[in-house]
Amino acid sequence: MKLDLPHICHSDPQISGGTPVFVGTRVPVQSLFDYLEGGETLGEFLDQFPSVSREQACAALGMARDSIVARARSA
């Protein structure tokens, strides 16, 4: 099953000041990208933030990929 945005992340002013977080957690989505940019693996990110499911993390990465590809095609 492919997750859609409401199952991956959300923004709520009452949670982390409205920073987009993974649903069901207080883990900012930006943390995933920061970990990967810093040379950490997806597994290391998931070990550090066990409240984020692999499915959520992979879906977030897939959405980022799809966004980049779509923008490149429309440029």
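**Entry 1: a word to settle before starting**

I call a residue buried when its relative accessible area is under 20%, exposed when the value is over 50%, and partly exposed in between. With that in hand I looked up Cys9, which is buried, because its relative accessible area of 18% falls under the cut-off. I remind myself that this is a predicted model.

**Entry 2: the whole chain**

Next I stepped back to see the overall layout. I found four helices and two strands in the chain. Reading from the N terminus, I wrote down the order α-β-β-α-α-α. The C-alpha atoms fill a box of roughly 35 × 30 × 25 Å along the principal axes.

How much of the chain counts as buried? I noted 28% of the 75 residues. The accessible surface comes to about 5,000 Å², and carbon and sulfur atoms hold 55% of that.

I also looked at contacts between residues with a separation of 6 or more: 33% of them join residues 24 or more positions apart. For charges, I listed 6 positive and 9 negative side chains, with the centres of the two sets 9 Å apart.

**Entry 3: back to the cysteines**

I wanted to know about disulfides, so I first recalled what one is. A disulfide is a covalent bond between the sulfur atoms of two cysteines. To count one here, I ask for two cysteine sulfur atoms within 2.5 Å. By this rule the count is zero.

Where is the nearest cysteine sulfur to that of Cys9? It belongs to Cys58 and is 14 Å away, and Cys9 is in no disulfide. Seen from the other end, the closest cysteine sulfur to that of Cys58 is in Cys9, and 14 Å is too far for a bond. Cys58 is partly exposed, with a relative accessible area of 38%, whereas Cys9 is buried at 18%.

**Entry 4: the aromatic rings**

Now for the rings. A pair of aromatic rings is described by the distance of the centres and the angle of the planes. My search of the whole structure gave four aromatic pairs.

I took Tyr35 and Phe49 to begin with: their ring centres are 5.6 Å apart and their planes stand at 75°, so I filed the pair as edge-to-face. Why does this pair tie together parts that are 14 residues apart in sequence? Tyr35 sits in helix α2 (residues 29-37), while Phe49 is in the loop between α3 (42-48) and α4 (54-74), so the pair links those two places. Tyr35 itself is partly exposed, with a relative accessible area of 23%.

Then I turned to Phe45 and Phe49. Their centres are 5.0 Å apart and their planes at 40°, so this pair is tilted. Is Phe45 buried or exposed? Its relative accessibility is 0%, so Phe45 counts as buried.

Putting the rings together, I found that Phe22, Tyr35, Phe45 and Phe49 form one aromatic cluster.

While I was in helix α3, I also checked Asp47, which lies there. Asp47 is exposed, with a relative accessible area of 65%. Its C-alpha atom is 12 Å from that of Tyr35, and the two residues are twelve apart along the chain.

**Entry 5: the loop between the strands**

I moved to the loop between β1 (9-10) and β2 (21-22), where Ser16 lies. Its phi caught my eye: near 50°, a positive value in a residue other than glycine. Ser16 counts as partly exposed, at 35% relative accessibility.

Pro20 is found in the loop between β1 and β2 too, and it is partly exposed with a relative accessible area of 41%. Which residues touch Pro20, leaving aside neighbours within four places in sequence? I listed His10, Ser11, Val27, Pro28 and Val29. I also checked Leu36, which is 16 residues from Pro20 along the chain: the C-alpha atoms of the two are separated by 17 Å.

**Entry 6: one last look, in helix α4**

I finished with Glu55, which lies in helix α4. Glu55 is partly exposed, with a relative accessible area of 39%. How many residues separate Glu55 and Lys2 in sequence? I noted 53, with the C-alpha atoms 8.4 Å apart in space.

Key:
Residues numbered from 1 in each chain as written. Predicted model: local features only at pLDDT ≥ 70, side-chain atom pairs only at ≥ 80, totals over all residues. Heavy atoms only, no water. Buried < 20%, exposed > 50% of the residue type's maximum accessible area, 1.4 Å probe, protein only. Phe/Tyr/Trp six-rings, centres within 6.5 Å; stacked < 30°, edge-to-face > 60°. Contact = heavy atoms within 4.5 Å. Areas by Shrake-Rupley, 256 points an atom, 1.4 Å probe, with all protein chains shown as cover. Lys, Arg positive; Asp, Glu negative; His and termini not counted. Charge placed at Lys NZ, Arg CZ, Asp CG, Glu CD.
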